[in-house]
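Colleague: I'd like to learn how to read a fold like this one feature by feature. Could you give me the general idea each time and then the case at hand?

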Amino acid sequence: MLLWKFYEPLFTSFNNSTRWINLTDVNISNNKIDVLPRKLGALHCLRQLNLSYNCLGRYSGWVWLKEARIKRTLRFLDISNNSLIELSEYIWNLNALVELKISHNLLGYLPQGIEKVRNLRTLDLSHNFLKYLPAGITNLKLQTIDISMNPLVSDIDWECNIMLPSLAQFAAKALQQYCRYVVFLDLLCTIM
């Protein structure tokens, strides 16, 4: 019983955000967390957030993603190994996001709007149940993408005609962007 005085649940103390306001890196992985407080999104210095190996698959609110501050500061987010069945579309409002790990979940699809995360360079979607990728993914300037261990299909029978990028189209676009960069560097070197 003596320990009870010193025990303070993480998110009860989180409501006093002045203690947490300057956090830049938060790792709360492996904690069986199923609910995240809205104030998590109010941390104005938060750059890295590791939420992997929790129980977020049971939680559908994701209200912390609606906070304006986190949209401008969060660069790394790991929500892998959470038994996620779906993602909130608000995840694509994280404008500063550079690296996103969503591996080892139960995702069958990604919400539309991925093209809004213009700074995204690394995307790990491995070990899910994705059958296709959203068309907007070709608009990103990804440097690394892992889509291994997904049952991607090449022939989808849709009732409406939606163009989805094939992996070959995706690879061609990435190669085209790389070639433009190499040509730019060659041109820069000849000028100097």
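Modeller: Let's start with exposure: a residue is buried under 20% relative accessible area, exposed over 50%, and partly exposed in between, using a 1.4 Å probe and protein chains only. By that scale Ile85 is exposed, because its relative accessible area is 54%. Before going on, some ground rules: this is a predicted model, where local features need pLDDT of at least 70 and side-chain atom pairs count only at pLDDT 80 or more, while totals for chains, interfaces and linings use all residues. Residues are numbered from 1 along each chain as its sequence is written, and side-chain values use heavy atoms, with hydrogens and water left out.

Colleague: Fine. Which helices and strands does the chain have, and in what pattern?

Modeller: Helices (H or I, at least four residues) and strands (E, at least two) are DSSP runs, numbered from the N terminus. Here the chain has three helices and six strands, and along the sequence they follow α-β-β-α-β-β-β-β-α.

Colleague: And what share of the 192 residues is buried?

Modeller: Buried residues come to 37% of the 192. For contacts, the criterion is heavy atoms within 4.5 Å. Taking contacts between residues at least 6 apart in sequence, 38% join residues at least 24 apart.

Colleague: How should I read the core?

Modeller: In soluble globular proteins, nonpolar side chains tend to be buried together. A nonpolar core is taken as a set of buried Ala, Val, Leu, Ile, Met, Phe, Trp, Tyr and Cys residues joined through side-chain atoms within 4.5 Å. The largest such core here has 38 residues, and Leu49, Leu51, Trp64, Leu77, Ile79, Ile91 and Leu100 touch the most other members. Look at Ile91: leaving out residues up to four places away in sequence, Ile91 touches Leu65, Leu77, Ile79, Leu100 and Val117.

Colleague: How many disulfides does the structure hold?

Modeller: A disulfide needs a pair of cysteine sulfur atoms within 2.5 Å, and the structure holds zero of them. As for individual cysteines, Cys45 counts as buried because its relative accessibility is 17%, and Cys55 is buried too, at 16%.

Colleague: Now the outside. What does the chain expose?

Modeller: Accessible areas come from the Shrake-Rupley method with a 1.4 Å probe, and for residues only the protein chains shown count as cover. The chain exposes about 11800 Å², with carbon and sulfur atoms supplying 56% of it. Patches are built from residues with over 30% relative accessible area and no salt bridge; like charges are joined within 9 Å, and nonpolar side chains (Val, Leu, Ile, Met, Phe, Trp, Tyr) within 5 Å. Ile85, Leu106 and Phe129 make a nonpolar surface patch of about 300 Å². Ile85 itself sits in the loop between β3 (76-78) and β4 (99-101).

Colleague: What about salt bridges: how many are there?

Modeller: Side chains of opposite charge can pair when their charged atoms come close. The rule is a side-chain nitrogen of Lys or Arg within 4 Å of a carboxyl oxygen of Asp or Glu, and by it the count is two salt bridges. One joins Glu67 and Arg38, whose closest N and O atoms are 2.5 Å apart. Glu67 lies in the loop between β2 and α2 (68-73) and Arg38 in the loop between β1 and β2, so this pair ties together parts 29 residues apart in sequence. Arg38 is partly exposed, at 41% relative accessibility. Glu99 and Lys101 form a salt bridge at 3.9 Å, N to O; Glu99 is partly exposed at 24%, and Lys101 is partly exposed at 27%.

Colleague: Which backbone angles should I check?

Modeller: Most residues other than glycine have a negative phi, and most peptide bonds are trans. Asn30, which is not a glycine, has a positive phi of about 55°. Asn30 is in the loop between β1 (25-27) and β2 (48-50), and counts as exposed at 54% relative accessibility. His104 also isn't a glycine and has a positive phi of about 55°. His104 lies in the loop between β4 and β5 (122-124) and is partly exposed, at 36%.

Colleague: Last one: what does Arg69 touch beyond its sequence neighbours?

Modeller: Arg69, in helix α2, is in contact with Ile21, Gly41, Ala42, Leu43 and His44, leaving aside neighbours within four places in sequence. Arg69 and Gly41 are 28 residues apart in sequence, with their C-alpha atoms 6.4 Å apart.
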